[in-house]
Amino acid sequence: MATQSDTDQIQGFGQVSRTTGVIFRYLLMGATMFGIVTLAILLVYVANDAIQPLTADAGWYLVFFVTFVAPTTLVGAYLYRTNVDALKLGLLVVGMLAVTLMFSGGVAIVFVDIVPPLVSLSYAIGLLVPFAAVVLMTKYEDAIPFTARVAATGAIFFLSLFGIPGYYHSIPEMVQKIPVVPTEWVIITLVFGGVVAVVVGQYFARIRENTRAGVVAGVAALAATGAAAVSGMFTGVNPTALAVVAAGAFVPTAAYAGGAALTREEERIGLLLAAVVIGGSLVGAGIVDVLGFAGPQSWVDWQFLTSSHSGTAENAGLYPAIGGSILLMVTVAALSFPLGVGAAVYLEEYAPDNVFTRFIDVNISNLAGVPSVVYGLLGLGVFVTYLGQPTGTVLIGGATLALLILPIVIISSREAIRSVPQDMRQASYGMGATRWQTVKNVVLPEAFPGILTGTILALGRAIGETAPLIMIGAPNVLFNLPTELSSKVSAMPLQVYAWSSLFASEDFYTKAVPAGVVVLLAVLLAMNSVAIVLRNKFESES
Amino acid sequence: MSHKENTAEVESSNMTGTEDPTNDEMLVQTDVSDGLSASTSVSETTNAETIIRADDINVWYGDEQALQNISMEIPENSVTAMIGPSGCGKSTFLRCINRMNDLIDVARVEGELTLRGKNVYDDDVDPVALRRRVGMVFQKPNPFPKSIYENVVYGLKIQGIEGDYDEIVEESLKRAALWDEVKDRLHESGLDLSGGQQQRLCIARAIATDPEVLLMDEPASALDPVATSQIEDLVEELAEDYTVVIVTHNMQQAARISDKTAVFLTGGELVEFDDTQKIFENPESQRVEDYITGKFG
Amino acid sequence: MSTDDLETDLTRKTENSPRELLTRSFFFLCAALSVVTTISIVALLVTEAAKFFTLTAPLMGVTGETASIVDFLTGTTWQIHNKEFGVLALVSATLMITIGSAIIALPLGVATAIYLSEYASKQARSVLKPALEILAGVPTVVYGFFALIYITPAIGVVLPGIGTFNILSASIVVGIMIIPMVASISEDAMSAVPDDLRQAGYGMGATKFDVSTGIVVPAALSGIFSSFILALSRAIGETMAVTVAAGAQAKFLNPLDPSSYLEGALPMTAAMVQLLTGDITGGGLAYRSLFAIGLVLFVITLIMNIISDYVAQRYREAY
């Protein structure tokens, strides 16, 4: 029958084109996966070299399988089938703990070995006093002319930070001269833990709509920080570091989990996952310790994280490089954030549409494409040769990296500013707001999460950069932590490079370098995941 | 209203201060001494009824002319409606009054538009200061992503107006007929309100700073019928204290609420401007009659 | 009402208040800093490179500056100890890295872009796009180490003649790291193709394959091209991966000869790093040769960026 054969033909035709389509589709999918899979394989290799999971005792595996892997898998699978949102909450809490642990560890390094708590406290007070004065002046801003306020602000900041030599001590000097000071961990517990306790207290007061709940939560938070510090005196761990980690990681994570348990009834079952992960690993570690099973011969261990370079791969450590990377990040963020956001605000909110603006525009996108090694030359030529700065210091390293990421910060900040709805600006201008008032009150608060995400990603780029640091003469080997802006700096990727090129030997290739790579990637992963979580939160809200 | 006096006080204290207290006559004299189109200013400003006077306004967006030779006089404390098909330039004219068109790079305005005799397109006029006297409500409700309270006090804060903010917030929200619905949740986000409530919040925000003129750009076009009629009632009440200029594409709305009506037709020309009753019952122009009866546009 | 003060009130010029002036100037200075950066880069590279050429001339036995520039640009031997500065030895290595990474990244990047823009579900995209971003986010020194320690030995199983330092594995990692760049810019171009065109295709009975290859890709061609140039410019400027994995002795190799990819060579960027990590034996001359290489590198990447911008502008105008 004619109709029958027609249908056959059409089906046959469809078959052929469908096969081509399917093949094409899988080819495309394969191409998309190629890079990802290759990188994944390489990561497995390097993690294997660094952590050597196969070297542990069989008993060790058994213990952790029973206490950690099996319960986690079970709870995870159960949540995945019943309540995906709860699973997300659980993962978020676990991730939050991991990330905050890492970053508060970094902060602990700063307080323990770079800037002693008393000195940081003295400078914090030295900044706080003039800041309070400025806030007070802003309150009466109509009574005092703007220029007078600017002058007064400058004077107050100068006096409190630098004083007048011979006549009047600066506030940091005065604080550091107080004859009786509490020990370092007490300072940290009170200041750092106190701030966290206030935030936690306010959070609980808000969600419970009850001031007493807030006070209780705040006191509990402070007590937890103090208890962690005190426990350090019995276990031999540095109490200052413990106080920082408690205030920066344990207390916030616990507060978040507690808040979620109180407010998100449908999802709080997810906290079970976090409990199983944390509890399982602690119990497992305890059992393994008691029974004497040896864990894997990981090169990423306490010794690696806390010692400095050594000629033998077994004893080499990353500590000065970690400290250097932290200081570089602080410098880079302090320089690139205000400058980048400022440029983005100018280009989006102020710039007239003229030749000069378009030139800046093209110029920035071209700067983003300039190789990093050329920025290194810029740092070397301008800062070292022409301005006569010593080579390889924290300051010029940070300044060079800040210039390098500035175009990225500008471009991503501009995108964030552009995504603020035009309606909002119109409403503000329609009320008779000036440009600055509109920028300050409407545009920047709305664009802030986007700007923050972009800046964190850009900082991630800076933390992985090596070439500019080599160019400005950062030393390949550094045995002490840099402690000020003018000390020589090393950085994690630079140390990895030094080990893999200058100390090229089988030992370094299979021990120190993989360990360094794993630490560097873990830090980057933490930064990127923070950025991605922020971005998702921001996108789902707007 | 109590905060009106506050406003006046603060504004005068904000002045540079050398000026003597002036009245309308002296203002005219200032105009004369500045040599600003003196004769017309004198004759027009003595007519206390007229607050805004447009004289031969032309607007271009790039090469495209959006308004052609618009002239009209808007009386004080009344509702003036602007109607016409979309793209006829009625919103453009509204945005000329508080110079919102300045924010568009390609827009160019020619002609003279006076507010109480002062040409707002004079070089020395600061659009920001102008907008503080001429409030605006937009087509789409656009509250800030802040609390209801913060939305209302936004204008007070940026303009440096002091006073009892709580009282002003209550007063403004009451006048915008929103107080009863939000009085228990002033510190919740303005974005959590319904569309009609958001628009009334925007009106409360605009009147909190007590402007002289309130411009409304199709304030009810994005709202449902109930919310629309609430806004319409509100507009009529507001006209007791403010000069309201409202753009609408809804002819019945214009007929219901306005004292005067301006009809714009395609190409940015003002075809007829007269008392609303006259426009709707006995228009001069055949084109306006066609438009109103639905034969055109 | 404060109508009395109308004249003074309306003319008070809020935009010239100290607060507005100060903030506006600050923002302007921030934006102007980018111009200062560019000017500094150009001025620095040009002056230092000029000094290099005036110094080189007598040492290389030729007179006059221009001759030494010619020697620099046409010489094929790079030996600092012997004061021989022929940049072509470095350029050839850079070119090989670029070609090698292009062979990997361009087809894979475009295929990824087609998949993401035309085929992938929303959920798949939400997983794949961050995963691809990670490819670009791994520090380049780590890629270099991967190439040296894992990829080179793996290739050595198949091609035993491969050197410890070689162009091939460096090209592979550079290729992997620029895939996301090709993919994301190409995908933007493909997403910008109006849906009308696709609908028209489907309306004519075309399959998804026909629409993707016959309509979307040609329509997005200039965007894809712009992504190629930008990615290659990134490959040229790539430093640490090639320093670790390919950087050995400077050698002039024939980029068209496949076997030369198994040898190590010294790309421009690696030469710059090597100059600074080793003792700079050439003294002031070696230091300045850095800036001469830097200038060549800067000019090449700048030209490529400008071309890419120009091409991208055209596709933006098309829709």
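This briefing introduces a structure with chains A and B, covering confidence, domains, helix packing and the contact between the chains. The model is predicted. Chain A is divided into three parts, namely domain 1 (2–51), domain 2 (65–300) and domain 3 (313–541). Chain B contains 13 helices and 10 strands, and it touches chain A through 19 of its residues.

**Confidence in chain A**

- Chain A has a mean pLDDT of 86, with 95% of its residues at 70 or more.
- Within chain A, confidence is highest in helix 15 (residues 394–418), where the mean is 94.
- Confidence in chain A is lowest in helix 6 (residues 171–177), with a mean of 77.
- As a general caution, predicted coordinates should not be read in detail where pLDDT is low.

**Domains of chain A**

- The centres of domain 1 of chain A and domain 3 of chain A, taken over C-alpha atoms, are 39 Å apart.
- These two domains do touch: four residues of domain 1 of chain A are in contact with five residues of domain 3 of chain A.
- On the domain 1 side of this contact with domain 3 of chain A, three residues are nonpolar, none is polar and one is charged.

**A helix pair in chain A**

- A pair of packed helices is described by the angle and the distance between their axes.
- Helix 4 (residues 117–139) of chain A and helix 7 (residues 184–208) of chain A have axes that come within 9 Å and cross at roughly 40°.
- Helix 4 of chain A and helix 7 of chain A are therefore oblique to each other, since a crossing of roughly 40° lies outside the ranges for roughly parallel (under 35 degrees), roughly perpendicular (65 to 115) and roughly antiparallel (over 145).
- Helix 4 of chain A contributes A:P117, A:L118 and A:L121 to the contact, and these meet A:E184, A:I187, A:I188 and A:V191 of helix 7 of chain A.
- By class, the residues of this contact between helix 4 and helix 7 of chain A comprise six nonpolar, no polar and one charged.

**Chain B and its contact with chain A**

- Of the 297 residues in chain B, 47% are buried.
- Among contacts in chain B between residues at least 6 apart in sequence, 68% link residues at least 24 apart.
- Where the chains meet, 16 residues of chain A are in contact with 19 residues of chain B.
- On the side of chain B that touches chain A, helix 5 (127–133) and helix 6 (148–158) of chain B each supply at least two residues.
- That side of chain B consists of nine nonpolar, five polar and five charged residues.

Terms used
Residues numbered from 1 in each chain as written. Chains lettered and ligands numbered in written order. Predicted model: local features only at pLDDT ≥ 70, side-chain atom pairs only at ≥ 80, totals over all residues. Domains from an automatic or database assignment. Contact = placed C-beta atoms within 7 Å. Nonpolar A, V, L, I, M, F, W, Y, C, P; charged D, E, K, R; others polar. Helix = DSSP H or I, 4+ residues; strand = E, 2+ residues; numbered from the N terminus. pLDDT = per-residue confidence, 0-100. Axes fitted to C-alpha atoms, helices over the stretch in contact; angles between N-to-C directions. Buried ≥ 20, exposed ≤ 12 C-beta atoms within 10 Å, placed from the backbone.
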